[in-house]
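Work through the exercises below with the coordinates open. Try each task before you read its solution.

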Amino acid sequence: MFIGRQSALLLLAARSRSPGKGLLLHRAPVDTTLTTSPLTTSQIALAEVTKRYGDRRVLDRVSLTVRPGERVGIVGDNGSGKSTLLRLLAGQEPVDDGRLTVVAPGGIGHLRQTLDLPGSARVGDAVDHVLGELRALEHRMRVAEAALRTAGPAEFERYTALVAEFDARDGYGADRRVEVNLRRLGEHTPLDRERVLSTLSGGQRSRLALAATLASAPELLLLDEPTNDLDDEAVAWLEGQLRRHRGTVVVATHDRAFLEAVTGTVLEVDHDRRTVRRYGDGYAGFLAAKAAARARWAWEHEQWRNEVARQERLADSGIGLLAGIPSKGPRGFSGAGAFRARSRAHGAQSRIRNARERLQRLTERPVPPPPQPLRFTGRVEATPTAEDTSTSAHLEGVLVSGRLYVPSLELAPGDRLLVTGPNGAGKSTLLQLLAGDLPPDAGIVRRPRRVGFLRQQSAPGHAFDARTLLAAFAADRAGRPDEHADPLLALGLFHPADLAVPVRNLSVGQRRKLELARLVTAGPLDLLLLDEPTNHLAPALVEEIEAALARYTGTLVVVTHDRLLRERFHGPRLELPMATEQKGRN
């Protein structure tokens, strides 16, 4: 039977009194430590840390610190190493070189993107797995409690410290908090602890893991994409929880609104240089710093071009001057005149040599131009006549059995439409109809001649596509594949070394960028359809896409869960009800 902290204190006080000895235990230091430890004792420091997987180097000599109580967002391209960095901080993987220090006396809670359990495991197993650190703490406390009757002062102090740590994390309320958190995260029906995980959806498993991680009440929270599979209400609740968290929070996320609401520091994992950059002043500071860096890059490129042109002019003018100097003076010409000719020739040769050496150094270390801004090209023709509706889209009485019913929808040239609704309402189905990918079971669908479609999921064949990235980009386009290398590289989405990589070896984010690159270089489009365009892309690139959409002049239809994109969208909105509700209206 658990005797409680106060009883332990009394026992220790009684056993500690002996002739010549005073009271060995003081309550105040324990309570003071509990009050301050969540904010003052956590430490995260990386010094020249390198991490490899076989021959692939993911992080290279990374150095950074995270202050106690900071709320840090980790951003970067898909596959850049964000999850790897979190696993290193959680102690789940060793560093290959360098020194990593993570101190969190109040415990560490690590949310992975997927539950590392077989489908045959139960809900209760998943909760125990995520609460493993807290369960282990309780076990140590029970073992220490069982030995109290014969314990000395040191054992009593150890037991009291364990009780204090368990109380600080409200260990006895953890299972109750899991249930409460699940409800706030959108799981309105309690999950039976005996239910097998394979019967849960991917979203349910994600919410279960997040609910248990938060319920463990650790000092250090390490969260990998926590807003996945959450609706707006659940995300707002999560943001409030993290803002009130007394310890340190480190979150890897693509959610720009979440970064804006929660984080005060942004760490960007640079996929190309395999390092990590730190930005202060939250997400706004990150964007400002990125914009300043791009402007500086453009200025440095312009300065380089100007200097190359100047040195070329100096070399050319020197050559012209040298050509105008006679190689020999006329017969009988004075010696002083011959000396002046040789001096001028020598000066011209020196200037030519210096200019050529400077040109060589400049060309050996060029400053490339910054990436071209993304641009979706629209083709809005003059107002069509009744006979010419080539640039408009029209749906009437359209039915896709069990998925979608659209009584009527008309999109004129230049219209902008945001499609919203719960999962399963048929948003992607609507875009597939407009793109011509899906024939309706009933009704009429008319679409413009030139339609661009960014699908939510990459083409299934990409996982087995042996073509190189460049060949896939150039597919169905005039000319040889190598003729398309410069237009692709000019977008700044890939590097020259990427062009020869097979599509099947690209990350999900890289495949997404390949599809985006084909779309922005496809030429004028009458209708642009975007299904979750921000998926798997770094926030900085999403900002570029949003700016490109603001300049697009054609007809635009967007489906997105990105809260900032929805908030900033200018145009009407079409909210689709659930398919069951649509069926009832038919």
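Which residue just after α7 takes a positive phi? G186 does, at about 110°.

The model is predicted: local features need pLDDT of at least 70, side-chain atom pairs count only at pLDDT 80 or more, and totals for chains, interfaces and linings use all residues. Residues are numbered from 1 along each chain as its sequence is written, and side-chain values use heavy atoms, with hydrogens and water left out.

**Exercise 1.** Find the buried residues of helix α7 and explain their placement.

Solution.
- Step 1: set the terms. Helices are DSSP runs of H or I with at least four residues, strands are runs of E with at least two, and both are numbered from the N terminus. Buried means under 20% relative accessible area, with a 1.4 Å probe and protein chains only.
- Step 2: scan residues 174-184. A174, R177, V178, N181 and L182 are buried.
- Step 3: take the arc, from the directions that run from the helix axis to the C-beta atoms. The five residues lie on the same side of α7 because their arc around the axis is only 140°.
- Step 4: recall the geometry. An α-helix has 3.6 residues a turn, so residues three or four places apart point the same way.
- Step 5: list the partners. The buried residues of α7 pack against α4 (123-130), α5 (132-146), α8 (202-215) and α9 (232-244), where contact means heavy atoms within 4.5 Å.

**Exercise 2.** Trace the strand partners of β10.

Solution.
- Step 1: apply the pairing rule, at least two DSSP bridges between two strands.
- Step 2: take β11 (residues 404-411). Seven bridges join β11 to β10 (residues 393-400), antiparallel. V398 faces V406 in β11.
- Step 3: check the turn. Three residues separate the strands of this hairpin, and G402 has a positive phi near 75°.
- Step 4: take β13 (residues 442-446). β13 pairs with β10 over four bridges, also antiparallel. H394 stands opposite R446 in β13.

How values were computed. Buried means under 20% relative accessible area, exposed over 50%, partly exposed in between (1.4 Å probe, protein chains only).
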